[in-house]
Amino acid sequence: MKSRLALPMRKVFRAFAVLLLLLTALPSAAVHPPRPGVMPPSFTLKTNAVAWAMAVTNIELEYQWHPRWSVVLPMSYSGWNYGSSHTKFCISSFAPEIRYWINLSDRDTYFWWYVGAHMGLKWYNFALGKSHDRYQDHDGDSPALGGGLDFGFRMPMRKGSPWGVEVGVGAGIYHTYSDIWQNGGCGELLRTQKKWRFGLDYVGVSVTYSIKTERRGK
């Protein structure tokens with residue numbers, strides 16, 4: 001049986017491929033070559049304080065294999081209510097991303113800006129109180145699927161420290177197939193809805209820890 005998300009998935013993968021090609025087409029020669037002695041390869045572990053403030057557990061692993069390029073594998077999970085069964089933001093998400101990094105500092109400060117393209121796969125079940133409907137991905141197995149662009153920067157907590165702070169924001173477009181329930185007691189199913197949604201899909205203020213696997217230059 002053909003998947004209900006087969007067509008949206010093909011569209012999203014095509015769009016992501018175009019975004020990836022645009023990013024990889026950015027001419028490295030247009031920026032100054034990287035300074036020796038301060039560049040990756042490196043691994044960076046991160047966790048987003050904004051998500052934690054919403055009681056969403058999260059962790060990210062980033063691998064930077066080139067002075068200008070890195071890949072990020074973020075995961076988030078929340079499976080609990082906010083004080084009552086009528087208020088919740090339950091989510092399980094995976095959003096791989098590729099980034100292009102640009103150093104905007106003339107000094108050896110490790111201050112970096114990035115632009116990125118990401119995909120997103122998000123299971124959800126959320127409600128904003130008894131007076132509002134509850135939205136859940138259809139049958140619990142139809143995650144929102146999409147992707148988008150993001151940008152931000154990273155800087156160390158102090159010069160030379162592996163600890164840092166990363167700030168970023170992203171927006172994307174997602175195809176959703178939702179069951180909409182009456183929010184309260186044994187609420188009945190009101191309707192199902194297929195819809196494309198566009199908006200912010202990431203806001204981050206993260207604590208980071210980087211481990212260099214090799215030091216290039218002298």
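Is Thr208 buried or exposed, and at what relative accessibility? Thr208 counts as buried because its relative accessibility is 1%, where buried means under 20% relative accessible area, exposed means over 50%, and partly exposed lies in between, with a 1.4 Å probe and protein chains only.

Before I go further, a word on the model. This is a predicted model, in which local features need pLDDT of at least 70 and side-chain atom pairs count only at pLDDT 80 or more, while totals for chains, interfaces and linings use all residues. Residues are numbered from 1 along each chain as its sequence is written, and side-chain values use heavy atoms, with hydrogens and water left out.

The protein chain has two helices and ten strands, these being DSSP runs numbered from the N terminus, with H or I and at least four residues for a helix, and E and at least two for a strand. Read from the N terminus, the order is α-β-α-β-β-β-β-β-β-β-β-β. Of the 218 residues, 40% count as buried. If we take the contacts with a separation of 6 or more, 65% of them come from residues 24 or more positions apart, a contact being heavy atoms within 4.5 Å.

Now to confidence. The average pLDDT of the protein chain is 80, and 75% of the residues score at least 70; pLDDT is the predictor's confidence in each residue, from 0 to 100. Among the elements, helix 2 (residues 49–53) has the highest mean, 95, and helix 1 (residues 6–24) the lowest, 54. Over residues 1–7 the pLDDT stays under 50, and the model has eight contacts for them beyond four places in sequence. The stretch of residues 26–38 is also below 50, with 25 contacts in the model beyond near neighbours in sequence. Where pLDDT is low, the predicted coordinates should not be read in detail.

Let me return to Thr208, which lies in strand 10. Leaving aside residues up to four places away in sequence, Thr208 touches Thr44, Leu45, Lys46, Arg154, Pro162, Trp163, Gly164, Val165 and Glu166.

Ser178, in strand 9 (residues 163–181), counts as buried because its relative accessibility is 1%. With residues up to four places away again left out, Ser178 touches Tyr124, Tyr135, Gln136, His138, Arg191, Thr192 and Gln193. The C-alpha atoms of Ser178 and Lys195 are separated by 8.3 Å, the two residues being 17 apart along the chain.

Strand 10 (residues 189–212) comes up once more at the largest pocket, where its seven residues are the largest share of the lining. The lining has 38 residues in total, and Ile91, Lys122, Leu200, Asp201 and Tyr202 lie nearest the centre of the pocket.

I will close with two backbone details. Most residues other than glycine have a negative phi. Ala55, however, has a positive phi of about 65 degrees; Ala55 sits in the loop between helix 2 and strand 2 (57–66), and counts as partly exposed because its relative accessibility is 28%. Asp139 likewise has a positive phi, of about 60 degrees, and its place is in the loop between strand 7 (134–137) and strand 8 (144–156). Asp139 counts as exposed because its relative accessibility is 56%.

Methods: On a 1 Å grid over the protein atoms alone, a cavity is a set of points where a 1.4 Å probe fits but cannot get out, and a pocket is an open set with protein on both sides within 12 Å along at least five of seven lines; lining residues have an atom within 4 Å of a point.
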